[in-house]
Amino acid sequence: MIKFHPNEELLVQYVQGNLDSALAVVVGTHIDMCQHCKAHARDIETHLSAKELGASTDFSELTMQAMLEDILNSAAPAISAPQQILDKVTVEGKQFRLPPALKRVSHRLGDWSKVPGSVWRAPLKVDDHSAVNLIYMGAGASVPEHTHRQHEATLVINGTFNDEHDRYHDGDFVFLGADHRHSPQTAEEDCLTLAWLDAPLQFTSGMARLLNPFSSLFFK
Amino acid sequence: MMQVMPEKRVNRQYMKTNSASPQDITPEHLAALLAEVAVQRSRRAFAELFKHFAPRLQSFATRQFGNEQTAMDLVQETMTNVWHKAHLFSPEKGSPTTWIFTIARNIRFDILRKSKKNQNDISAEELWPVLSEEMSDSDDEFAIDQTILLQEITSYYNQLPDAQREVIVSIYIEGKSQQEVSDELGIPLGTVKSRTRLALQKLRELITDHD
Ligand SMILES: [Zn+2]
């Protein structure tokens with residue numbers, strides 16, 4: 001049973017297309033895994049579309065007729081070549097099936113690298129200003145305690161981890177506000193998560209990056 | 001029902017968005033128009049959809065961009081996709097208004113993305129696959145199709161129109177993929193998909209009527 005879900009505001013922004021792209025991948029993956037949020041997102045889509053397309057403007061007859069003719073005579077839009085799709089990822093000899101939202105962007109997945117503390121990461125290159133990574137924690141692993149001035153979102157793809165607040169299982173979506181302190185760790189079970197961090201730019205240069213062990217999870 | 005678009009004498013009411021009484025424009029009517037566009041490439045059905053949606057899309061796009069030219073681009077690109085990709089609409093996933101809104105949402109996302117000039121950024125279709133042929137068959141849709149038992153299909157498929165029966169028999173009785181049927185019959189994959197969809201809809205009606 002999934003216990004932690006994105007709040008309605010995040011779902012609305014996701015449906016509107018106003019969410020940070022990398023966070024949208026995380027929310028979309030949660031929706032793949034969660035029937036409850038899938039239904040909720042559809043409801044939002046229905047309401048939003050009725051609202052956004054509820055009013056019409058005056059459209060001049062001439063413009064309208066010209067555009068209609070244009071469209072009827074147009075060539076079919078090109079279909080972009082399908083990208084290489086991975087069904088699963090393998091890390092430390094373990095295989096994990098990817099939910100559809102992650103499969104669609106699997107060609108954006110970088111190589112795995114090891115981070116101290118029995119933790120591995122593979123970056124997902126969504127755009128040039130977002131940081132989202134697959135993070136694999138072996139059994140008995142821990143991420144150093146950290147605070148962040150940004151928001152952090154973590155989605156459990158497979159396995160269990162806990163911090164001082166709770167235990168998180170498959171499909172759980174944990175959104176932490178700024179200045180929130182926690183130290184994620186695994187016990188006897190390993191865990192694959194998708195983790196997103198807002199506004200990474202402050203981390204990418206200088207001493208802050210070297211001094212914060214947590215940043216090595218997100219940036220090389 | 002709205003009248004057929006007159007070829008020559010365009011009456012002034014025709015392009016007015018409020019010309020049809022709103023109660024005529026039910027989701028079912030709009031879905032029927034989309035099916036006509038998908039299966040018969042009906043220009044008349046598309047013109048009616050265009051009249052209904054273009055001014056609404058323009059209103060939406062103007063609020064989003066505040067720039068008239070970009071707004072018009074969004075309207076044109078959205079409706080161009082409706083014209084060419086109507087076969088990807090599936091009534092099970094939502095109303096025509098919702099489907100067209102999600103197309104417009106995706107196009108808006110890509111317009112904003114292109115304005116940032118980064119070719120490698122994630123595209124709207126990667127986030128929300130609305131118009132990708134191969135992604136349009138969601139797990140949900142598959143699950144619904146599975147609920148129609150083979151036995152039920154075999155007892156009712158004779159009541160389908162020839163074109164739909166041919167596709168259903170190949171897929172559900174001979175076990176071919178939609179792509180194989182498309183290759184074999186020499187018809188576009190999209191047509192196979194829309195015929196399958198319409199046939200399953202019809203079968204569902206037949207089965208429920210008998211229950
Ligand atoms: Zn949920």
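Guide: A polar contact is a pair of N or O atoms within 3.5 Å; within protein, one must be able to donate a hydrogen and the other to accept it, and residues adjacent in sequence count only if both atoms are side-chain atoms. This is a predicted model, where local features need pLDDT of at least 70, side-chain atom pairs count only at pLDDT 80 or more, and totals for chains, interfaces and linings use all residues. Residues are numbered from 1 along each chain as its sequence is written, and side-chain values use heavy atoms, with hydrogens and water left out.

Visitor: What lies 2.6 Å from a polar atom of the side chain of Thr102(B)?

Guide: That is the backbone oxygen of Trp99(B).

Visitor: Why is Thr102(B) called buried?

Guide: Buried means under 20% relative accessible area (1.4 Å probe, protein chains only). Thr102(B) has 5%, so the word applies.

Visitor: Which residues does Thr102(B) contact, leaving aside its neighbours within four places in sequence?

Guide: They are Glu45(A) and Val130(B), where contact means heavy atoms within 4.5 Å.

Visitor: What makes α5(B) largely enclosed by the rest of the structure?

Guide: Of its 19 residues, 16 are buried, so the description fits α5(B). Thr102(B) lies in this helix; helices are DSSP runs (H or I, at least four residues), numbered from the N terminus.

Visitor: How do you know that the span of helix α5 of chain B agrees with what is expected?

Guide: The expected span is 1.5 Å times one less than the number of residues. For residues 96–114 of chain B that gives 27 Å, and the end C-alpha atoms are 27 Å apart, so the two agree.

Methods
Chains lettered and ligands numbered in written order. Helix = DSSP H or I, 4+ residues; strand = E, 2+ residues; numbered from the N terminus. Buried < 20%, exposed > 50% of the residue type's maximum accessible area, 1.4 Å probe, protein only.
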